[in-house]
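Trainee: Before I start using words like "buried" and "salt bridge" about this one, I'd like to know what earns them. Can we go through it together?

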Amino acid sequence: MDTTQDFEPVQAGQQMLALMGAAAQWWIWMPWAAWLPPASQGGTATPEPQADPAAPVEPAPVADPVPVVAVAVDDDLTRIEGIGPRIATLLKEAGITGFAALAAAHAEQLAAVLAAAGPRFRLAQPASWPQQAALLAAGDEAGFAALAAELKGGQRR
């Protein structure tokens with residue numbers, strides 16, 4: 001069966017499509033043909049009407065404001081003295097992803113997260129972590145640096 005007879009391309013850009021379609025399945029070339037102007041334009045592409053530059057421009061309608069949604073902050077918890085990359089991962093898995101969340105946590109809650117992770121983390125001392133996180137959440141870098149200088153592994157020296 002000859003698929004090329006009685007087929008005339010509507011537009012100049014479809015000639016190549018017609019040649020390809022005759023040799024292969026038509027669905028292979030359909031995404032390629034998406035850039036062609038629609039055939040309803042009579043076979044020729046007509047330019048879009050140009051707007052008059054002197055005509056007044058109506059402002060676009062104002063859409064309803066988008067509600068602000070609180071997004072969990074993903075802070076670098078390893079800045080806290082006594083928290084390394086593995087403990088930071090444990091805390092993030094427990095839902096504590098930012099300094100504010102860590103500041104709101106109790107030391108007992110943090111100890112429970114560490115205990116659930118196994119004996120490998122039993123040496124970690126989370127007592128000072130909420131205090132350090134509160135300083136970082138408030139943006140008090142000087143206070144945090146002073147407190148961190150007093151700590152080793154999360155404990156006062």
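Mentor: Sure, and let's start with the cut-offs: buried means under 20% relative accessible area, exposed means over 50%, and partly exposed is what falls in between. Keep in mind that this is a predicted model.

Trainee: Then what makes Lys92 partly exposed?

Mentor: Its relative accessible area is 32%. That value sits between the 20% and 50% limits, so partly exposed is the right label.

Trainee: And its partner Asp74, how do you know which class it belongs to?

Mentor: Asp74 comes out at 56% relative accessibility. The limit for exposed is over 50%, so Asp74 counts as exposed.

Trainee: Why are Lys92 and Asp74 called a salt bridge?

Mentor: The rule asks for a side-chain nitrogen of Lys or Arg within 4 Å of a carboxyl oxygen of Asp or Glu. Here the N to O distance is 3.0 Å, so the pair qualifies. Lys92 lies in helix H3 and Asp74 in the loop between H2 and H3, so the bridge ties together parts that are 18 residues apart in sequence.

Trainee: How many salt bridges does that rule give?

Mentor: Two. The other one joins Arg79 and Glu141, with their closest N and O atoms 2.6 Å apart. That pair links distant parts of the chain: Arg79 is in the loop between H2 and H3, Glu141 is in helix H7, and 62 residues separate them.

Trainee: What accessibility do Arg79 and Glu141 have?

Mentor: Arg79 is at 36% and Glu141 at 40%. Both count as partly exposed.

Trainee: Now the other end of the scale. Why is Ile80 called buried?

Mentor: Its relative accessible area is 1%, and the limit is under 20%, so buried it is. Ile80 is found in the loop between helix H2 (26–29) and H3. Even leaving out residues up to four places away in sequence, Ile80 touches Phe99, Leu102, Trp129, Gln132, Ala133, Leu136 and Phe144. Take Leu136: it is 56 residues from Ile80 in sequence, but the C-alpha atoms are 8.8 Å apart.

Trainee: Which residues have the most contacts inside the largest nonpolar core?

Mentor: Ile80, Ile83, Ile87, Leu91, Leu102 and Trp129, in a core of 24 residues. H3, H4, H5, H6 and helix H7 (141–150) each supply at least two residues to this core. As for Ile83, its contacts beyond four places in sequence are Leu77, Thr78, Ala88, Leu91, Leu102 and Trp129.

Trainee: How do you know that H3 has a buried face?

Mentor: Start with who is buried: in H3 (residues 85–93), that's Ile87, Ala88, Leu90 and Leu91. Looking down the axis of H3, these fall within an arc of 160°, so they line one face of the helix. The face turned away carries the exposed residues Pro85, Arg86 and Glu93. Helices H4 (99–104), H5 (107–117) and H6 (129–137) are among what covers the buried residues.

Trainee: What makes that kind of pattern possible in a helix?

Mentor: An α-helix has 3.6 residues a turn, so residues three or four places apart point the same way.

Trainee: Which residues of H5 are buried?

Mentor: Leu110, Val113 and Leu114. Down the axis of H5 they fall within an arc of 95°, so they line one face. They pack against H3, H4 and H6, while Glu108, Ala115 and Ala116 are exposed on the face turned away. Just after H5, Gly118 takes a positive phi of about 115°.

Trainee: Is Ser128 buried or exposed?

Mentor: Buried: its relative accessible area is 9%, and the limit is under 20%. Ser128 lies in the loop between H5 and H6.

Trainee: And why do the side chains of Ser128 and Gln132 count as a polar contact?

Mentor: They are joined at 3.0 Å, and the cut-off is within 3.5 Å, so the distance fits.

Trainee: What share of the whole chain counts as buried?

Mentor: 25% of the 157 residues. The chain has seven helices and two strands, and the helices come before the strands in the pattern α-α-α-α-α-α-α-β-β.

Technical notes
Residues are numbered from 1 along each chain as its sequence is written. This is a predicted model: local features need pLDDT of at least 70, side-chain atom pairs count only at pLDDT 80 or more; totals for chains, interfaces and linings use all residues. Side-chain values use heavy atoms; hydrogens and water are left out. Buried means under 20% relative accessible area, exposed over 50%, partly exposed in between (1.4 Å probe, protein chains only). Helices (H or I, at least four residues) and strands (E, at least two) are DSSP runs, numbered from the N terminus. The arc is that of the directions from the helix axis to the C-beta atoms. Contact means heavy atoms within 4.5 Å. A nonpolar core is a set of buried Ala, Val, Leu, Ile, Met, Phe, Trp, Tyr and Cys residues joined through side-chain atoms within 4.5 Å. A polar contact is a pair of N or O atoms within 3.5 Å; within protein, one must be able to donate a hydrogen and the other to accept it, and residues adjacent in sequence count only if both atoms are side-chain atoms.
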